[in-house]
Amino acid sequence: MSRTSQQPHAVVVGAGIGGLAAAVALHLRGWHVTVLERARALEHVGAGIAIAPNALRALEVLGVGDEVRAMAAFQGEGGLRRPDGRWVSRTSGEAAAERFGGPVVIAHRAELVALLAGRLPDGAVRTGNPVVSADPDGQVATEHESFDADLVVAADGIRSVVRSALFPDHPGPAYSGFTNWRLVVPAPAAYVPHESWGRGLLWGTVPLTGDRVYCYATAVTPPGGRSADGDERTELRRLFGDWHHPVPEVIAAAAPGTVLRNDVHHLAVPLPAFHRGRIALLGDAAHAMTPNLGQGGCQAIEDAVVLAHLAGPGDDTAAALAAYSAQRLPRTTDVMRRSRSVGRLTTWSSRPAVALRDTLFATVNRFGPRLALHSLDGIADWRPPQAPYAASGDDRAPQAGEAHGTPEDRGDRTR
Ligand SMILES: Cc1cc2nc3c(=O)[nH]c(=O)nc-3n(C[C@H](O)[C@H](O)[C@H](O)COP(=O)(O)OP(=O)(O)OC[C@H]3O[C@@H](n4cnc5c(N)ncnc54)[C@H](O)[C@@H]3O)c2cc1C
């Protein structure tokens, strides 16, 4: 289907967190936005997602900061533990908020998706519409329709078909060496948030609103594994059943069929650019990273607001996307590398190496900045380049004086 209005048209491929954040940002910037999503419905499953202050500030730009903050902030004490429960390093939600200028929020992924989608005009998101091709000149084809877009945002995730087409020589995702489980269960009591590291094993417990708790676990294992009896709770019990409180209780509280298991892949080789012609790559399509810093989604949200800041309707798209690549590629490559480094530490399995790791962490924690927070220095303190957009209930273009930031910092060199 071709565009019918004169308003510049942005087509977003993928309605994950990155695609929806980009769609909201571009909509608020004055673009007519269409989001094409392969799935028949927006994500209604999923588990928790940590939203660090950098992403929370970006969400404030999109006008949803208050709603996200209300989801569940990490408050009180927490930190890193051993499988027997002894603390390796401790921190607190308040210390994180003070260090990074805002709280870390733990949201339910489906609720964040619904919140973002709800900020788009009716009909903007077209589900059951898998994109089969996207050309740098703005032609986008799904199995059902085609578009001639002024801007294309490829937010189609780690297995991005758009990335493969634009960068055919890129090796694509690599297995990180570990698999991941995620579960959300009712929490009968208030649990102290923690991440606990064992030998090649990791367990995390964090509170969600609504008396729920979000847990995640990883184990070093070959890819493609599944619990022998088809019930991932059995595998969790086998690996974590003798860990400290509340790990066994949480596993016991999980309902059958509710434990998600995914092998963790990432882009081990960074892309040469995040754009080609009128197409911008965003989120996991551009820089899928291991989850160890909880930054994959946060970086996607950062991408979204930076892209909308640089690429206004009517701007020179080529210049805007070159500026987008130049800003986002070095930052996200650094976050990917740092996340991978933390991930490697969690995969250590030899007893002496793990003992050394824990002793080192405990020592650093005693004398230096709190370890868990230190790992987010230079990441969680990021600030978006623009002020919050004014709420827009329609598809109007921004009025004079509504563009945010200076032409220089938007990269508007050609206007
Ligand atoms: C175990 C785990 C824990 C994590 N925890 C955190 C965390 O705490 N904090 C954090 O910030 N990040 C976290 N992440 C990372 C985060 O989940 C991702 O970085 C984020 O979801 C990426 O969003 P996205 O929109 O780029 O991609 P996705 O969420 O993958 O969305 C891509 C969308 O595109 C659609 N799509 C794909 N192909 C097509 C097509 N051809 N046509 C149309 N639509 C298509 C898909 O259906 C999907 O809806 C975690 C990741 C993992 C694996």
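Student: How do you know that Cys 298 makes a polar contact with the ligand?

Tutor: In this predicted model, a polar backbone atom of Cys 298 is 2.9 Å from an oxygen atom of the ligand. A polar contact needs a pair of N or O atoms within 3.5 Å, so this pair qualifies.

Student: What makes Asp 284 and Gly 294 polar contacts of the ligand?

Tutor: For Asp 284, a polar side-chain atom lies 2.7 Å from an oxygen atom of the ligand, whereas for Gly 294 a polar backbone atom is 3.1 Å from a nitrogen atom of the ligand. Both distances are within the limit of 3.5 Å, and therefore both pairs count. The protein as a whole covers 85% of the 1,000 Å² of accessible area that the ligand has on its own.

Student: Which residues surround the ligand most closely, and which elements give two or more residues to the shell?

Tutor: The ligand is surrounded by 29 residues, of which the closest are Gly 18, Glu 37, Ala 50, Arg 109 and Asp 284. Two or more residues each come from helix 1, strand 3 (48–51), strand 12 (174–186) and helix 10 (296–310). By type, the shell divides into 12 nonpolar, 11 polar and six charged residues.

Student: Why is Arg 29 called buried?

Tutor: Arg 29, a residue of helix 1, has a relative accessible area of 5%. Buried means under 20%, so Arg 29 belongs in that class. Arg 29 is also 9.2 Å from Ala 390, C-alpha to C-alpha, although 361 residues separate the two in sequence.

Student: Is Ser 325 buried or exposed, and how do you know?

Tutor: The relative accessible area of Ser 325, which is found in helix 11 (residues 317–346), comes to 8%. This value is under 20%, and therefore Ser 325 is buried.

Student: What does the side chain of Ser 325 make a polar contact with?

Tutor: Its partner is the side chain of His 275, at 2.7 Å, which is within the limit of 3.5 Å. His 275 also appears among the contacts of Ser 325 beyond four places in sequence, together with Ala 273, Phe 274 and Pro 330.

Student: Why does Asp 211 count as exposed?

Tutor: Asp 211 is found in the loop between strand 14 (201–208) and strand 15 (212–220), and its relative accessibility is 61%. Exposed means over 50%, so Asp 211 passes that cut-off. Asp 211 has another feature to note, namely a phi near 50 degrees, which is a positive value in a residue other than glycine.

Student: Which residues have the most contacts inside the largest nonpolar core?

Tutor: They are Leu 26, Ile 51, Leu 62, Val 68 and Leu 116, in a core of 101 residues. Helix 1 (residues 17–29) gives the largest share of this core, nine residues. A second, separate core has 20 residues, including Leu 201, Trp 203, Ile 251 and Val 259. In soluble globular proteins, nonpolar side chains tend to be buried together.

Student: What is Ile 51 in contact with, leaving aside its neighbours within four places in sequence?

Tutor: Among the contacts of Ile 51 are Leu 56, Leu 59, Val 68, Pro 103 and Cys 298. Cys 298 is the residue whose backbone atom is 2.9 Å from an oxygen atom of the ligand.

Student: How many of the 415 residues in the chain, as a percentage, are buried?

Tutor: Buried residues make up 54% of the chain, and the secondary structure of the chain comes to 14 helices and 18 strands.

Conventions:
Residues numbered from 1 in each chain as written. Predicted model: local features only at pLDDT ≥ 70, side-chain atom pairs only at ≥ 80, totals over all residues. Heavy atoms only, no water. Helix = DSSP H or I, 4+ residues; strand = E, 2+ residues; numbered from the N terminus. Buried < 20%, exposed > 50% of the residue type's maximum accessible area, 1.4 Å probe, protein only. Polar contact = N/O pair within 3.5 Å; in protein donor to acceptor, adjacent residues only side chain to side chain. Contact = heavy atoms within 4.5 Å. Core = buried A, V, L, I, M, F, W, Y, C linked by side-chain atoms within 4.5 Å. Near = heavy atom within 4 Å. Areas by Shrake-Rupley, 256 points an atom, 1.4 Å probe, with all protein chains shown as cover. Nonpolar A, V, L, I, M, F, W, Y, C, P; charged D, E, K, R; others polar.
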